[in-house]
Amino acid sequence: MATIFNNVDRVAGDPLSSVLVTIVLLWDTSESPMAKIEDEDTIVRGTYGTSTDLDGHWEVDLVPNDEITPVDSVYKITERLSTNNDSITYYISVPDSATPTSWIGDIILSQEELPSWI
């Protein structure tokens, strides 16, 4: 597992608490109907949610994408403000080298890095 985190602030530097964070693993379903961690005989599915604390911080442990089949899976992360429903969505790929912790800003995928099936 690798811990990823983010800190969410207002433009004036004031931390945003209670930002809703949703994390979903995406993969090419034409390659496989399910995502799995081969070494652990585990199927990966569903959505995970958390929220920022009073300091605007959130963190979660994720399986590195290198350990998931089919290859080229990505995590879709959405951060949504609870006050006005404003949201931002981005995609990350968690490398093995992300352990023990990585800031999401270091592992966000650019448009060119996204798999073609997205």
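Two strands count as paired if DSSP finds at least two bridges between them. With that in hand, let's work through this predicted model.

**Exercise 1. Find the partners of strand 1.**
Task: Which strands are joined to strand 1 by bridges, and in which sense, parallel or antiparallel, does each run?

Solution.
- Step 1. Locate strand 1, which covers residues 2-7.
- Step 2. Look across to strand 6, residues 57-62: six bridges join strand 6 to strand 1, and the two run antiparallel. Here Ile4 stands opposite Val60 of strand 6.
- Step 3. Now turn to strand 10, residues 101-103. Three bridges join strand 10 to strand 1, and this pair runs parallel. Phe5 has Trp103 in strand 10 as its bridge partner.
- Step 4. Check the pairing rule, which asks for at least two bridges. Strand 1 has six with strand 6 and three with strand 10.

**Exercise 2. Trace the sheet of three strands.**
Task: What is the strand order of the open sheet of three strands, and which strands stand at its edges?

Solution.
- Step 1. Read the order as 4-3-7, with antiparallel pairing.
- Step 2. Strand 4 (42-44) and strand 7 (68-69) each have a single partner strand, so they stand at the edges with one side lacking a neighbour in the sheet.
- Step 3. Follow strand 3 (residues 35-37) to strand 7: two bridges hold this antiparallel pair. Ile37 has Ile68 of strand 7 as its bridge partner.

**Exercise 3. Trace the sheet of four strands.**
Task: In what order do the four strands of the other open sheet lie, and how are neighbouring strands turned against each other?

Solution.
- Step 1. The order is 5-2-8-9, and the pairing is antiparallel.
- Step 2. The edges belong to strand 5 (47-51) and strand 9 (87-92); each has a single partner strand, so one side of each is left without a neighbour in the sheet.
- Step 3. On average, neighbouring strands here are turned by 20 degrees against each other, direction ignored.
- Step 4. Zoom in on strand 8 (residues 74-80), which pairs with strand 9 over six bridges. Glu79 has Ile88 of strand 9 as its bridge partner.

**Exercise 4. Visit two loops.**
Task: Where are Asp41 and Pro70 found, and what marks the backbone there?

Solution.
- Step 1. Asp41 lies in the loop between strand 3 and strand 4, and its phi is near 50 degrees, a positive value.
- Step 2. Pro70 lies in the loop between strand 7 and strand 8. A cis peptide bond, with omega about 5 degrees, joins Thr69 to Pro70.
- Step 3. Compare with the general picture: most residues other than glycine have a negative phi, and most peptide bonds are trans.
- Step 4. Asp41 also belongs to a negative surface patch, together with Asp39, Glu40, Asp66, Glu67 and Asp96.

How values were computed: Residues are numbered from 1 along each chain as its sequence is written. This is a predicted model: local features need pLDDT of at least 70, side-chain atom pairs count only at pLDDT 80 or more; totals for chains, interfaces and linings use all residues. Side-chain values use heavy atoms; hydrogens and water are left out. Patches are made of residues with over 30% relative accessible area and no salt bridge: like charges are joined within 9 Å, nonpolar side chains (Val, Leu, Ile, Met, Phe, Trp, Tyr) within 5 Å. Accessible areas come from the Shrake-Rupley method with a 1.4 Å probe; for residues, only the protein chains shown count as cover. A salt bridge is a side-chain nitrogen of Lys or Arg within 4 Å of a carboxyl oxygen of Asp or Glu. Lys and Arg count as positive and Asp and Glu as negative; His and the chain ends are not counted. The place of a charge is taken as NZ of Lys, CZ of Arg, CG of Asp or CD of Glu. Axes are lines fitted to C-alpha atoms, for helices over the stretch in contact, and angles run from 0 to 180 degrees between N-to-C directions.
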